[in-house]
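Student: I have a structure open on my screen and no clue how to read it. Could you walk me through it?

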Amino acid sequence: MTMLSVQDLGVSIGPIAPLSGVSFQLERGEIIGIVGESGSGKSLTAMGIMGLLPLIGGQIDHGTVEFDGIELTGLSENEYRKLRGGRIGLITQNPMTSLDPLKKIGPQVDAVSRLHLGLDRAGAKARTVELLGDLRIPEPASIYHLYPHQMSGGMKQRIVIAMALGADPDLLIADEPTTALDVTVQAQIIRLLGDLVKQRDLSLVLITHDMSVVAQTCDKVMVMYAGTAVERGPVQDIFDNPKHPYTKALIGCIPHGLSETVRLKGIEGTVPGVAQYPSGCRFHPRCTIAEEVCTRNVPVFETGAKRAAACHFALEAAQ
Amino acid sequence: MTTLLDVRHLSKKFVSGGGPFRPVRSMHAVNDVSFSVDTGRVVGVVGESGCGKSTLARLVLRLIEPSSGDVQFEDLDLLAQKPKPMRALRARMQMVFQDPYSAIDPRYTIRNAVTEPFQVQGVRQTASEADDKTAELLSMVGLSEQLAGSYPHQLSGGQKQRVGIARALALNPALLVLDEPTASLDVSVQAQIISLLEKLRDELNLTYIFISHDLSLVKYFCDEILVMYLGRVVEALPSTDAAARHPYTRTLLDSTFDPDPKLRRTIEPLGGEVPSPFDLPPGCAFAARCPVATEKCRTELPVLRADDGHPVACHHPL
């Protein structure tokens with residue numbers, strides 16, 4: 001069953017168009033990784049799905065976002081509010097700033113189920129304590145009464161996850177959930193998210209810049225570059241047989257710490273800023289196989305197929 | 001191989017609190033750390049945030065004064081140097097900082113930034129000498145000399161980090177301490193910077209101390225690795241393929257993801273929390289989270305022992 005379907009999503013902020021050509025589908029129980037470097041449009045994609053663009057003065061310019069059969073792009077703020085935090089949960093990057101420092105963490109988590117599930121105070125508290133236990137937080141009943149500053153970063157991120165789960169969502173969007181955390185804590189949070197998806201049959205959009213996290217957790221991947229999607233496909237296929245030169249180069253940039261001895265190759269040049277997107281394929285100034293057509297024509301990113309690469313010279317299977 | 005840097009029993013104690021309502025508390029950010037670095041080697045220092053990596057870097061260069069211990073650099077006792085000779089010695093040891101955005105004065109042109117070390121050292125340069133030196137340094141780090149007149153805000157993060165490296169190289173140092181030089185950069189740029197550092201080491205016979213939280217990057221780039229936990233070195237891996245013998249190193253390795261979906265692993269959750277550095281247990285600091293800890297670990301501090309050239313501080317090494 002398709003939980004989320006994004007077709008040719010484009011975003012504008014005033015006169016500029018920082019995001020275009022994003023398409024993917026997510027089934028129930030699946031994890032999709034949206035991966036790219038900074039400025040690639042990963043977070044804008046998440047904001048577009050969550051209807052949060054007005055916060056930064058942006059709007060959806062074209063395309064559709066369908067969540068479990070509901071078209072989200074035309075929803076009013078009030079209708080969106082019922083979904084956000086309800087059927088769609090958001091996990092943000094920085095657990096240090098997503099909790100209210102003046103309130104105990106228990107009541108902060110309670111607020112979600114009281115608002116969306118209509119629970120009373122006692123019911124919400126019982127639910128929160130149960131949720132904290134599910135997230136392997138030791139002694140949830142006493143943690144309930146702590147303030148955010150009394151907890152470690154990893155523990156705070158678990159609280160943020162508990163809030164996202166507060167109203168039993170169908171879809172979770174996690175925007176760089178482990179970037180601010182140490183490796184051992186990251187490993188635990190990633191494992192926890194994977195377990196939650198299985199146990200609760202959730203769908204998860206995992207936004208990250210880290211190809212290793214994608215390799216370890218996701219079912220499928222969409223690679224983004226300079227505000228547009230460049231490649232999409234099942235995770236194994238993307239790593240074994242990248243079709244877009246950018247995906248291939250990006251994989252060549254990560255040290256295979258444990259298997260190793262392939263020399264690292266950087267990608268010449270830098271990611272262009274929003275105002276300087278090149279004509280044609282946005283990767284062509286840094287691409288090693290670009291030809292004249294790449295400077296003129298924007299390559300097509302197929303919307304329907306499982307596997308798609310927006311490249312005029314999509315690479316053949318590596319032998 | 002000659003020993004360039006020799007660090008013995010180095011410690012740094014920080015004190016906080018004091019005053020009528022706050023009790024004085026102290027913590028050892030770096031605690032009894034000993035290691036040596038041979039010329040031409042790349043020594044990695046890994047550990048999680050708060051383990052004392054950056055404090056160690058600053059102590060080694062004497063940017064902060066240690067509470068106790070010895071540092072020998074090129075057979076000179078670094079801590080005994082008076083201010084003037086110390087300043088001259090600093091030309092031989094330089095640092096590249098994590099955040100290239102704040103490491104360069106925003107009101108300096110790139111030319112000013114890379115020639116500032118000469119002014120600090122009192123080296124007089126004519127305008128044309130400075131121009132030549134700037135061009136030479138910029139080309140060494142792969143930047144166009146046309147950037148000499150630009151300001152830092154006109155450069156990308158990767159370019160700024162290259163300027164940071166050029167500045168560190170200006171005085172022909174023997175030792176570079178790299179404190180998370182790629183942590184604020186994108187992976188494609190990180191790979192560029194790492195290749196540049198590899199090239200420079202070969203060309204200039206440099207020695208690096210490379211501080212990072214990224215174990216796969218350290219394994220890729222370094223010759224030997226110090227693993228730190230709460231201010232102490234718990235293990236010194238003599239080579240990158242040496243098997244981990246300390247349970248903490250094992251945990252760190254197990255927490256590092258491979259960028260290959262075929263190598264998926266189930267992560268065993270690590271119990272417990274890092275103890276407060278203000279209130280360390282009497283025994284091994286990792287004991288509370290360690291799967292093989294015994295009563296001895298909780299009461300008796302393990303020392304870093306190198307019976308076979310592979311130092312590890314553990315009562316029950318793997």
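Tutor: Happy to, and keep in mind that this is a predicted model. Let's start with charges. Side chains of opposite charge can pair when their charged atoms come close. Here, Lys42(A) makes a salt bridge with Glu176(A), and their closest N and O atoms are 4.0 Å apart.

Student: Where in the chain do Lys42(A) and Glu176(A) lie?

Tutor: Lys42(A) belongs to helix H1 (residues 42–50) of chain A, while Glu176(A) sits in the loop between strand S7 (171–175) and helix H7 (183–200) of chain A, so the pair ties together parts that are 134 residues apart in sequence.

Student: Is Lys42(A) buried or exposed? And what about Glu176(A), buried or exposed?

Tutor: Lys42(A) is buried, at 6% relative accessible area. Glu176(A) is buried too, with 8% relative accessibility.

Student: How many salt bridges does a search of the whole structure find?

Tutor: It turns up 30 over all chains. Let's try one inside a helix. An α-helix has 3.6 residues a turn, so residues three or four places apart point the same way. Now look at Glu77(A) and Arg81(A), whose side chains meet in a salt bridge at 3.8 Å, N to O. They are four residues apart in helix H2 (residues 77–83) of chain A, so about one helical turn separates them. Glu77(A) is partly exposed at 38% relative accessibility, and Arg81(A) is exposed at 53%.

Student: Got it. What about chain B?

Tutor: Try Asp131(B) and Arg111(B), which form a salt bridge at 2.6 Å, N to O. This pair links distant parts of the chain: Asp131(B) is in helix H5 and Arg111(B) in helix H4 of chain B, 20 residues apart. Asp131(B) is partly exposed with a relative accessible area of 40%, and Arg111(B) is partly exposed with 23%. Salt bridges can also share partners: that is how Arg28(A), Asp68(A), Arg87(A) and Asp170(A) are joined into one network.

Student: Let's stay with that helix in chain B. How far apart are the end C-alpha atoms of helix H5?

Tutor: They are 20 Å apart. Helix H5 of chain B has 14 residues (127–140), and at 1.5 Å a residue they should span 20 Å, which agrees.

Student: Which residues of H5(B) are buried?

Tutor: Among them are Ala130(B), Leu137(B), Leu138(B) and Met140(B). The cover over the buried residues of H5(B) includes helix H4 (110–120), helix H6 (157–169) and helix H7 (187–204) of chain B. After H5(B) comes Gly142(B), which has a positive phi, near 75 degrees.

Student: Now strands, please. How do I read a sheet?

Tutor: Strands of a sheet pair through backbone hydrogen bonds, either parallel or antiparallel. In chain B, four strands make an open sheet in the order S2-S1-S4-S5, with antiparallel pairing. Its edge strands are S2 (25–38) and S5 (76–77) of chain B, since each pairs on one side only. Strand S4 (residues 68–73) of chain B pairs with S5(B) over two bridges, and the bridge partner of Phe73(B) in S5(B) is Leu76(B).

Student: Which strands pair with S8(A) in the parallel sense?

Tutor: Strand S3 (residues 31–35) of chain A does, over five bridges, and S7(A) does as well, also over five bridges. Val205(A) in S8(A) stands opposite Ile32(A), and Val205(A) is the bridge partner of Ile173(A) too. From S7(A) the chain crosses through H7(A) to S8(A), and this β-α-β crossover is right-handed.

Student: How many residues of strand S8 of chain A are buried?

Tutor: Six of its six, in residues 203–208. Both faces are covered: Ser203(A), Val205(A) and Ile207(A) are buried on one side, and Leu204(A), Leu206(A) and Thr208(A) on the other.

Student: Last one: rings?

Tutor: A pair of aromatic rings is described by the distance of the centres and the angle of the planes. The count here is eight aromatic pairs over all chains. One of them is Tyr225(A) with Phe283(A), an edge-to-face pair with 5.1 Å centre to centre and 85 degrees between the planes. Both Tyr225(A) and Phe283(A) are buried. Ring pairs also link Tyr225(A), Tyr246(A) and Phe283(A) into a cluster.

How values were computed:
Residues are numbered from 1 along each chain as its sequence is written. Chains are lettered from A and ligands numbered from 1 in the order in which they are written. This is a predicted model: local features need pLDDT of at least 70, side-chain atom pairs count only at pLDDT 80 or more; totals for chains, interfaces and linings use all residues. Side-chain values use heavy atoms; hydrogens and water are left out. The expected span of a helix is 1.5 Å times one less than its number of residues. Buried means under 20% relative accessible area, exposed over 50%, partly exposed in between (1.4 Å probe, protein chains only). Contact means heavy atoms within 4.5 Å. Two strands pair if DSSP finds at least two bridges between them. A crossover is right-handed if, with the strands pointing away from the viewer, the path from the first strand over the helix to the second runs clockwise. Rings of Phe, Tyr and Trp (its six-membered ring) pair if their centres lie within 6.5 Å; planes under 30 degrees apart count as stacked, over 60 as edge-to-face and the rest as tilted.
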